[in-house]
Amino acid sequence: MKNRFKINPILKKEMVVGSRSMKMSWAIMAVSGILTSMVVFVLLITGVTSSYGGGYNYQSLVVLFPVLGCTECGLLSLMVPVITSGSISGERERQTLDIMLTTPISPFSIVLGKLWSAMMIVMMYMIASIPVMAIAFILGGLSWWNLLGLFVMLLYLGIYVGSVGIFCSSIVKKSIAATILTIVIGIGIIIGTALIYYIGYISVNAYYMSTGNASINDYLGPIPVFLFNPYSPIFDFMVRAISNSSIYDIVVSANSGALFSVIYRFWIPISMGINLLISYGFLKMAAARINGKVKRR
Amino acid sequence: MLVIENLTKRYGKFLAVDNLNLHIEKGEIFGFVGPNGAGKTTTMKIVCGLLDATSGNVTIDGVDALKNSDDIKRKVGYVPDFFGVYDNLKTMEYMEFFGSMYGMSKEDVDEIADGLLELVNLSDKKDVFVDTLSRGMKQRLCVARALIHNPDLLVLDEPNSGLDPRARFEMKEVLKNLGAMGKTIIISSHILPELSEMCTSIGIMDKGHLITSGHVDEIMNESGGNSKIHIRIADMHGTEKSQPDKTEMTDSIDLEADDNAAAKQEKLKEDTYSRDKDRIQTLLMEQPNVTKVKFTEDEIIVSFNGDEKASATLLKNIIGLGINVSAFYKEKEDLESLFLEITDGGADE
């Protein structure tokens with residue numbers, strides 16, 4: 001009895017507080033409503049296109065999965081910053097952060113508690129979305145493994161965005177500013193990785209133009225920079241789910257490098273691993289920031 | 001219990017605490033007094049492990065608080081100056097939440113929290129949402145929360161700020177009870193009369209310096225030489241009789257019966273109030289043991305560092321100088337006046 005599992009006190013508190021709020025119920029309803037709208041929209045579009053062919057093309061309904069999956073990822077990318085942006089700044093505004101820091105619980109445990117509580121909400125959204133997602137499996141012919149895979153992807157994305165949100169909440173005083181900063185950092189990472197790839201691409205192109213000597217492998221060289229893009233494993237997952245293909249199949253046929261071949265083949269675990277490490281870094285920085293004894297006054 | 005040695009805290013160029021030395025014995029209720037920006041909160045936060053010191057040592061029960069902040073957290077309970085509530089959290093859940101932060105089981109917290117809520121007179125509010133409690137109740141709950149792990153040292157930063165008189169009284173009773181239970185308490189407050197009633201010792205800080213510290217009575221006695229004497233003068237505003245100037249004063253007493261006196265008084269009545277003030281001030285400052293003279297709307301306050309006999313001599317001298325004294329009394333020295341005197345009026349930084 002003594003060594004029984006102890007739940008993080010902050011997670012426990014957040015679950016109690018969150019369960020009594022109507023905000024979560026409204027948000028779940030909104031998410032389900034948006035996903036249902038997307039299903040109706042896809043059914044209407046595919047229905048219209050099918051009418052030209054003289055019959056309903058059920059195969060075209062396979063697009064439901066990526067459409068719903070991407071919609072959920074997009075909603076998650078907007079919701080999680082809102083959930084996490086007040087996590088530290090809110091405690092600071094209430095002056096409960098100081099009280100927490102006078103207890104033996106470590107700043108990292110505080111940060112983790114906040115992340116897990118955000119993940120609990122993400123999981124509730126995912127569970128609430130199952131009925132809508134099931135349409136993609138009934139009509140779209142996808143397996144439950146795809147659904148499970150999507151949930152793993154959503155959890156991974158939630159952890160990444162949540163970590164950034166908590167970090168922003170720890171450095172910015174106002175919750176709204178933290179939300180905006182989280183979204184800006186997210187967009188910055190997406191644009192940043194694309195920009196770095198583009199710079200690499202035009203560098204290779206310039207080299208080719210000046211020397212006339214550059215292989216297709218040289219052009220594909222900068223692609224691994226997308227490993228740092230948190231959405232790239234989701235993209236690879238979607239490609240694998242709907243086309244039995246992958247980044248590996250798209251790229252490796254032209255690339256003979258062994259290392260690159262391994263990277264492309266295991267793109268999802270490698271990229272997820274890298275981005276989860278980055279998330280860990282953000283959480284550590286947030287913990288260091290809230291513990292920042294020297295600077296706070 | 002708490003030993004602070006050469007504690008210094010800098011924020012960039014700003015010196016918040018300057019070479020602070022303080023010893024607080026076990027079971028003491030220590031009152032931290034000082035104007036805003038004096039360094040009280042900074043010192044308290046360092047003691048609680050919320051801030052690092054630039055230099056110096058803090059020892060709690062023989063444990064180095066700056067190097068072993070994790071150990072210290074179990075010895076210290078902290079009540080900040082602002083009570084934060086969580087929406088949708090009940091009183092008992094609030095206690096359970098902070099109890100679990102100390103690794104306590106729900107059963108242990110429930111048992112201890114029952115006693116603590118009784119101590120702070122909130123037994124009947126266990127199942128009430130915290131955000132519906134009054135400010136005074138919230139503050140008392142915060143004290144109960146700070147005691148959940150049975151700390152040796154309780155640090156309270158302005159616990160009475162924003163409370164109405166009734167809530168302040170209730171808080172004072174709670175803290176007195178804690179003192180009677182042998183808890184060491186550090187409390188900062190701007191409501192100084194209450195501190196003097198409650199605290200066994202005080203420390204007065206200003207601009208990062210500890211100006212004085214010790215038992216309340218000792219400090220009062222030390223400053224006893226600077227008691228205040230209030231003097232009222234019947235014709236202060238020239239309504240009855242303006243004060244003659246120093247060279248004429250002795251003569252004016254003799255000339256009261258003189259026919260010219262009325263004319264002279266009339267002439268003197270034309271003197272401005274400020275001139276009277278200057279004259280009386282000069283006369284009073286020439287008296288022994290008088291260190292400062294201050295004029296208010298209807299009386300003169302004299303800072304006086306003599307004993308009872310000396311104050312009797314002062315009264316005699318003033319009357320002898322022809323000043324029409326209508327009232328003369330020594331102000332009962334309290335912590336507030338002492339604080340204002342030491343901190344030069346208590347001006348904020």
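**Entry 1: a glycine after a helix.** I began with Gly49(B), which sits just after H1(B) and takes a positive phi of about 85°. I noted for myself that this is a predicted model.

**Entry 2: the helix itself.** Next I asked how many residues of H1(B) are buried. I found eight of the eight, so the helix is largely enclosed by the rest of the structure. For this I called a residue buried if 20 or more other C-beta atoms lie within 10 Å of its own. I wrote down the buried residues of H1(B): Lys40(B), Thr41(B), Thr42(B) and Thr43(B), then Met44(B), Lys45(B), Ile46(B) and Val47(B).

**Entry 3: a sheet in chain B.** I then looked up an open sheet of four strands in chain B, and I read their order as S2-S1-S4-S5, with antiparallel pairing. Which strands stand at the edges? They are S2 (14-24) and S5 (63-64) of chain B; each has a single partner strand, so one side of each is left without a neighbour in the sheet. I followed S5(B) to its partner S4(B), residues 55-60, and counted two bridges in the antiparallel sense. In this part of the sheet I saw Ile60(B) standing opposite Val63(B) of S5(B). Helix H1(B), residues 40-47, packs on this sheet, and I found it touching S1 (2-11), S2 and S4 of chain B. Its direction makes about 120° with that of S1(B).

**Entry 4: a strand with two faces.** Here I kept a general rule in mind: in a regular strand the side chains alternate between the two faces of the sheet. I checked S11(B), residues 227-233, and its side chains do alternate. Ser227(B), Ile229(B), Ile231(B) and Ile233(B) point to one face and are buried. Lys228(B), His230(B) and Arg232(B) point to the other face and are not buried.

**Entry 5: partners of that strand.** Which strands does S11(B) pair with? I found five bridges to S13(B), residues 300-304, running antiparallel. There, Lys228(B) stands opposite Ser303(B). I also found five bridges to S14(B), residues 325-330, again in the antiparallel sense. In that pairing Ile229(B) stands opposite Lys330(B).

**Entry 6: where the chains touch.** Last, I looked at the contact between the chains, which takes 22 residues from chain A and 26 from chain B. On the chain A side, the elements giving two or more residues are helix H1 (9-19) and helix H4 (96-101) of chain A. I sorted that side by class and got nine nonpolar, five polar and eight charged residues.

Definitions and conventions:
Residues numbered from 1 in each chain as written. Chains lettered and ligands numbered in written order. Predicted model: local features only at pLDDT ≥ 70, side-chain atom pairs only at ≥ 80, totals over all residues. Pairing = 2+ DSSP bridges. Contact = placed C-beta atoms within 7 Å. Axes fitted to C-alpha atoms, helices over the stretch in contact; angles between N-to-C directions. Buried ≥ 20, exposed ≤ 12 C-beta atoms within 10 Å, placed from the backbone. Nonpolar A, V, L, I, M, F, W, Y, C, P; charged D, E, K, R; others polar.
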